[in-house]
Amino acid sequence: MALSAPEISTSGAQRYAGRWTHAIARRAFVPMTSEQVQELLTGHAVRLAQALAAEEFSAEPAREVGRALVEANLTEPDTLGWSLRALTEHLVDDVVPGLALPDQAARLTRLQAALAEGFAWALRDRTFAQQERISRSAWEARNEAEQALRDSEARFRAVFSGAAIGIGIGDLTGQIVDVNQSFADMLGYSRDELRELNVSTLFHDGDAPGIWELYEDLIEGKRDRVRIEKRYFRKDGSELWTDLAVTLIRHDDGRPRFTVAMVQDITERYALQQRLRFQALHDPLTGLPNRTLFFERLEAVLQDREHDRRVGVCFLDLDGFKAINDALGHDVGDQLLIVVARRLAEAGAGAGHLVARMGGDEFVILVEDVDEEGTAIEVAESALRAVADPVYIGANQLAVSASVGVVDRFVTEGTAADLMKAADTTLYWAKAEGGRGRWARYDPERAAREATSTALAAALPAALARDEFVVEYQPIVSLGNGGMRAVEALIRWQHPTLGLLSPDQFIGLAEETGLIIRLGQWVLERSCAEAGRWHKEFPRARLMVSVNLSARQVSDPEIVDQVAGALRHSGLPPDLLQLELTESALMAPGGEPVRALRRLASTGVRLAIDDFGTGYSNLAYLRQLPIHTLKLAGPFVDGMRAQDPASVVAERIVDALVRLAHALGLSVTAESVETLEQVERLTALGCDSGQGRHFGTPAAPATIAELLRSAEMPGG
Amino acid sequence: MLGRDHEPSDIERRRTMEQSRALPTEVDLSRPSAARVYDYFLGGAHNFEIDRQLAQQIAAMTPNLADTMRAGRAFLRRAVAELTRLGVDQYLDIGSGIPTVGNVHEVAQGINPKARIVYVDIDPVAVAHSRSILEDNPLTAVIQADVRDPAHILSEARETGLLDFTKPIGVLLAGIVHFVPDSDDPDRLMAALRDAVPPGSYLVISHSTYEDQPQEMLDAQKLSARTATEITLRSKAQVSAYFGDWELLEPGVVHMPLWRPDSPDDVDDQPERFGAFGGVARKPAAG
Ligand SMILES: C[S@@+](CC[C@H](N)C(=O)[O-])C[C@H]1O[C@@H](n2cnc3c(N)ncnc32)[C@H](O)[C@@H]1O
């Protein structure tokens, strides 16, 4: 049989596979190149042909081909149809041309049947397998997702039940759905009890305004989170302070679903805060409100500007507290402060006033409503009375007093700081008035004056540096011949905003601040320089310059050097310089001034006592001093007026003084000479020279030079 | 006391953003899945009634679509075979679907048995399925992730330990980028992926288009909205831009069957009827 069998044609098999490929490759997805498909199908064609032509027929290879088609993913139903048809139509012609077996038709039918069976079985198996696989995958994926969900639920449960923080879940009606044990414990209810409640029953009278509006916003979805401090009542009625955060949970599409509240018990923290706040606002020694609290209250009063409200402050300070502390020790001092604090509190608090300790021995009473008549003064007086009762501390009986500065004003008149500054100033006035147990009331005008002085004093050094001072000269004229014998140097301040200031407006300040030393030296040098120039130009006039020395300058060890220096620099002969000193400058204790005066006199300058007769000069002492001139104080000359009966007395005094001076070998200059009549009388009394408006007001150096020039002219 | 609140609008915005990035937490088998519909078109049985219904609906409207999918799969096969022959031995296949046959690892490992592949898909069923199939293949791994979160994909891919990010990687985005709407800024996503791999790496993209398409094809695309995501058709220029400055391999971005066919006979008379562009590009050396 085998010998008679026609050969399998390889090219024929390829042709057959080509048709096959062409028919099916585009119908199904094949994970191969078309070449690979054709190669595969060529193999199948050969196997089918071999099976057909085999001596011992078996349809099994066709079954395998059917299965192999499925395995190659050639699963489209058309594929099967074509494959079956091609078996009868093309296999013999293409692959085993000429084959003619007796049972050939039956064989082909059996091959067809086997291929179809193989294909169907394989497809069925594959479908089952794939279906099973995808179902299992779906199941696994779902399982995994559910497991993840269960895990996260379990985690959530663990967090929920184990959290120290209270957690509660509420629905949109406010009904509590669930709470954890911590929340229940905080409120003192059981979880079941809480699950019966609506959040609105947890309302607290002390809830901050707007809390419930916030909650409404939340459940309406207008906000996603609210965080507040809120109070609750526990079941037993006690109070619970919490830090509460409520979060809105939404559906996937954004609709509000429920709310989750996280609650932290901050009751202790809150109590501590309250305690700390109390401590921050009270004085530990006396228990009185401290300055912080005082200012808080004062600010609050000052904010209340509705009506024309007046507020008063009494600023009180114990007299001589430092001495008590030093003498009896700080313990006694502290005890005293405690007693005073208690008494003030009793006196003030009874009337509804805030009494605070500002520090040290300073207390302040806030009188929230006062009238213009001085209600605040009544408060100050009652405080003084309260303090004045003797205080017994251990074995000591202390007589204590205090001073009070009282300020009352409209709330609209300035800030708390202004008010307290005024109170401080006023307390200072009360103390300065010299006594103990006094009060002073604020006087805005006085304060303004003092403020001006303070400002001027502060501006002095800069003014000196900026050369804002000028010196003017007032003639001193011989009463004998009417000639100008000297000029007094008078300092002026050319203030940039206040205009020309006279010495009485700033010399006192310069003395207080000590600037007088530098200012005095400046005047000395300037005057000597000027006088030196006059002397050079008009040597025959022998014009003397008279310069004031303050008490501080006299006691300055360098004064002699300064005077000598000024003379040296200016070339002014010493006897053309006169230094004017006040009686008080001479009366300093310890004999220092005498020594200074001697040394000054030894330089050859002349010395004069200014304003003589206003102090209490010891005449005997006067004798010992190297003085050349007395300048009679203005009031004596003022008193010498015609038609005034008192002028007789004045005249006698001047007469006596002139005689005394002359007896001591001193010359006399009268100040404040204003009228011709005064000139005549003074001349009659033997007074040597005069100074005053009658002879000329203080003038610029050029004016003096002018006078000297005209005096030199013949007939001048 | 309420100062710590956020503006509601802010929260709203963030919430929706977070949601869009979250992976599906539930497996909803009552909706068709793109991966399973695709499998059906490829002749697989990894699908359910709901998937087949949709597939038949689509097929009734446009008989071409099944061809398109087969052509897409064939394009991917040719591209991977080509890259593996060029020496690429590691792949990141994003949107890998349900591997019935002709999977990337089969193609690549058929040429280079040491080739490693990391599959990424968003569909939890597809991921579970891939895992069950690849159980015995130690050179593959499967990640459930969203292509819109490239940072997540890259960190998970690194975690598998299969890919060496200092060596060229074949990044495969076959039939997936059209699932990313413009509002998710696909340009940015593509740039992030391009930046993550070293020079010498390749990018393979196939993407559906409206260019040269008949109306019924376009209508069919709308049906895809019934699966998890809608399809966004894009122009050749837009698809080309996804390759950035990488060098396109010949013949560039073309209708899929035109991309290096196995033989000229394989090319259809109307290659545009498949409605999708394919292209492959190589990352140039830095600088
Ligand atoms: C059409 S299939 C492509 C399969 C395969 N890459 C191919 O070309 O033969 C698209 C796949 O992308 C997946 N997919 C869709 N959107 C995705 C996303 N945002 N992130 C990751 N995968 C996504 C689907 O689950 C589906 O398996």
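Student: Before we look at chain B, what makes a residue of this predicted model count as buried?

Tutor: A residue is called buried when its relative accessible area is under 20%, and by that cut-off buried residues make up 57% of the 287 residues in chain B.

Student: How many of the residues of chain A count as buried?

Tutor: Of the 716 residues in chain A, 46% count as buried, and the accessible surface of that chain comes to about 35400 Å², with 52% of it belonging to carbon and sulfur atoms.

Student: Why is the pair formed by the ligand and B:Asp146 called a polar contact?

Tutor: The term asks for a pair of N or O atoms within 3.5 Å; a nitrogen atom of the ligand is 2.9 Å from an N or O atom in the side chain of B:Asp146, and therefore the pair qualifies.

Student: What makes the pairs with B:Ile122 and B:Ala174 polar contacts?

Tutor: A polar backbone atom of B:Ile122 is 3.3 Å from a nitrogen atom of the ligand, and a backbone N or O atom of B:Ala174 lies 3.0 Å from a nitrogen atom of the ligand, so both pairs satisfy the limit of 3.5 Å. As for cover, the protein takes up 95% of the 600 Å² of accessible area that the ligand has on its own.

Student: Which residues and helices make up the surroundings of the ligand?

Tutor: The ligand is surrounded by 18 residues, the closest being B:Tyr38, B:Arg73, B:Gly95, B:Asp121 and B:Asp146, while α2 (34-41) and α4 (64-85) of chain B each supply at least two residues of that shell.

Student: Why is B:Asp146 put in the charged class?

Tutor: Asp, Glu, Lys and Arg count as charged, so B:Asp146 belongs to that class; by class, the shell holds 9 nonpolar, 4 polar and 5 charged residues.

Student: Turning to chain A, what makes A:Val545 a member of a nonpolar core?

Tutor: Such a core consists of buried residues of listed types, Val among them, joined through side-chain atoms within 4.5 Å. A:Val545 is one of the residues that touch the most other members of the largest core, which has 81 residues, and therefore A:Val545 must meet those conditions. Helix α17 (residues 516-537) of chain A gives this core its largest share, 8 residues.

Student: Which residues does A:Val545 touch, leaving aside residues up to four places away in sequence?

Tutor: Among them are A:Tyr473, A:Val487, A:Ala531 and A:Leu577. A second, separate core of 38 residues includes A:Ala51, A:Val70, A:Ala86 and A:Ala122.

Notes. Residues numbered from 1 in each chain as written. Chains lettered and ligands numbered in written order. Predicted model: local features only at pLDDT ≥ 70, side-chain atom pairs only at ≥ 80, totals over all residues. Heavy atoms only, no water. Buried < 20%, exposed > 50% of the residue type's maximum accessible area, 1.4 Å probe, protein only. Near = heavy atom within 4 Å. Polar contact = N/O pair within 3.5 Å; in protein donor to acceptor, adjacent residues only side chain to side chain. Areas by Shrake-Rupley, 256 points an atom, 1.4 Å probe, with all protein chains shown as cover. Helix = DSSP H or I, 4+ residues; strand = E, 2+ residues; numbered from the N terminus. Contact = heavy atoms within 4.5 Å.
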